Amino acid sequence: MTPAIQIQQVHKRFGAVQALSGIDLDVAPGEFFGLLGPNGAGKTTLINILAGLVRADRGSVRVMGHDVVADYRESRRALGVVPQELVFDPFFSVRETLRLQSGYFGLKHNDAWIDEVMQHLDLTGKAEANMRSLSGGMKRRVLVAQALVHKPPVIVLDEPTAGVDVELRQGLWEFVRGLNRDGHTIVLTTHYLEEAEALCGRIAMLKQGRIVALDTTSNLINRWDGLYLKLRISGAALPAALAARVRDRRDAVHTLRLRNIGEVEGVLAQVREAGAQLEELELLQPDLEDVFVQIMHMEEGERKGGRDASAFPAPAAPHP
Amino acid sequence: MSGFGTLLYKELLRFWKVAFQTIAAPVLTTLLYLLIFAHVMQGQARVYGAVPYSAFLVPGLVMMAVLQNAFANSSSSLIQSKITGNIIFMLLPPLSYWDFFAAYVLASVVRGMVVGAGVLLVSLGFVGLSFEHPLWIIAFAFAGSAILGTLGLIAGIWAEKFDQVAAFQGFVIMPLTFLSGVFYSIHSLPDFWQGLSRFNPFFYMIDGFRYGFFGVSDIDPVLSLVIAGASLLVLTAVTLALLKRGYKLRH
């Protein structure tokens, strides 16, 4: 079967910065695919190459089998992109914006579909409103609608929920899930790892222009060999011997890293010996964020010449 | 509608929605030139023997309005789209660089012609004019507005900030327009300046345009049209090459 997206050995350099170095990636039709990585990892560059906004120095990219340079008309018809920046044309209303976008794709008599998209995205009430008068969340919805006017089989969302309130985020994901159920291939970049975990079937992690992990979401999470022990104690402080395990601490509640379940006994014994009373205990499974931090960190270790001896990642940095 | 048709429609709608700024204001500005210069110069100058200065001035001003507005349309539309980022809406669809070029330039031609027609119509209320060769009038108005629309596209592609477009307009377009014989016949100039004017392509556009009204001109209108046409071809080739490469539009 032709992949929805096929990326082969793509390289791109901007001046002194090597943005992408040899990306290979296939996304199958119907997948919900996540593209994760810290800022500057090359996610947006890769999407822009897919969309024809940026040209690769080397390598080839195909959308539904159409080369994005040689068959740009077919590849662009197959692709809907929701850009990261909240852009709009202040001269037009929502309906005009969508009609124009539809017209750029050469579509005639598309009003029924435009109405349907507006309805799904709760834009009908604002159809005649000028783009300038819309809130940020509404403008974001119009961007989603614009990406859908030509019913593309492949939809790319570049950080669609950055700065979007919870309600809209929920609604947007509900809508995108529906599109995926209807057979659309979805590619998503986001900084909210819990979103990626909940939505994406498969994930690629990018760092400094390379793919450093590519697997199904569940395999990625299973790859993490540790787990967390959350303790509330009283009577004494946490013994110093456990300080290296602390991931975070809120008053008397400590979250400790464990390599495996067998370490629970030892940790509890140390707590008891220190004279502390155990008030509450909870075992936590790792999530995508732990894996993300670990993978990004391991990469660095490898670069320094040899994998880090410790199985534990450094204290989790804030979301990149 | 085709992609090209939609882009043309969008470009027309864009200036039509702000018609006070894009049509009414330039018409008024140009009429102020007419009022002031015609008043100051009336009776002091005769051109081509018998043509009163005010009558000589009108076609020059009309053409100036056509040229400036054609340039303003494509350059300001493109730079606005680049700076606000909504250019992406035109870069994502399967529009070819030909579609892009033709839509922007044709919209500029329409804007230039509409403003020019506005100036001409109102002027007719004050100044008697003849229309010796209407087809030449239309041919030169078309060539001139297409040339300036193309130049505006080049400026919009090249510029990264509004003030770069303004600089292009102030340091290239305005001098070439004002020194092209809008306000005078180059035969009234000293030899040096007369010679220099012949290197200004805008001079041929205005001279040829005037020929359409009076049937008299400084230069053979056929030569003027050939020069204007050649300029248009060269600029078109340059612009298409830039668009094809994606210069400053696709990285």
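How many residues does the contact take from chain A and from chain B? In this predicted model, the answer is 24 from chain A and 22 from chain B. On the side of chain A that touches chain B, the elements giving two or more residues are α2 (72–77) and α3 (94–104) of chain A. Sort the residues on that side by character and you get 12 nonpolar, five polar and seven charged.

Now let's step back and look at chain A as a whole. Its C-alpha trace spans about 75 × 45 × 35 Å along the principal axes, and you'll find 10 helices and 14 strands in chain A. Chain A has 320 residues, of which 39% count as buried. If you take the contacts in chain A with a separation of 6 or more, 70% of them come from residues 24 or more positions apart.

Chain A is also split up: residues 5–221 make domain 1 and residues 225–284 make domain 2. Working over C-alpha atoms, the centres of domain 1 and domain 2 of chain A are separated by 43 Å.

For a closer look, start with strand β1 of chain A, residues 5–14. This strand pairs with β2(A), residues 17–27, in the antiparallel sense, and eight bridges hold the pairing. One place to see this is A:Q6, whose bridge partner in β2(A) is A:D26. The hairpin of β1(A) and β2(A) has two residues between the strands, and if you check the backbone there, A:G15 takes a positive phi near 60 degrees.

β1(A) has another antiparallel partner to look at: five bridges join β1(A) to strand β4 of chain A, residues 58–63. Here you can pick out A:I7, whose bridge partner in β4(A) is A:V61. While you're looking at strands, keep in mind that in a regular strand the side chains alternate between the two faces of the sheet.

Finally, over to chain B and its helix α3, which takes in residues 53–84. This helix has 32 residues and reaches 45 Å from its first C-alpha to its last. That is close to the 46 Å expected at 1.5 Å a residue. Is α3(B) mostly covered or mostly open, and how many of its residues are buried? Mostly covered: 27 of the 32 residues in α3(B) are buried. Right after α3(B) comes B:G85, a residue with a positive phi near 90 degrees.

Note on methods:
Residues numbered from 1 in each chain as written. Chains lettered and ligands numbered in written order. Predicted model: local features only at pLDDT ≥ 70, side-chain atom pairs only at ≥ 80, totals over all residues. Helix = DSSP H or I, 4+ residues; strand = E, 2+ residues; numbered from the N terminus. Expected span 1.5 Å × (residues − 1). Buried ≥ 20, exposed ≤ 12 C-beta atoms within 10 Å, placed from the backbone. Domains from an automatic or database assignment. Pairing = 2+ DSSP bridges. Contact = placed C-beta atoms within 7 Å. Nonpolar A, V, L, I, M, F, W, Y, C, P; charged D, E, K, R; others polar.
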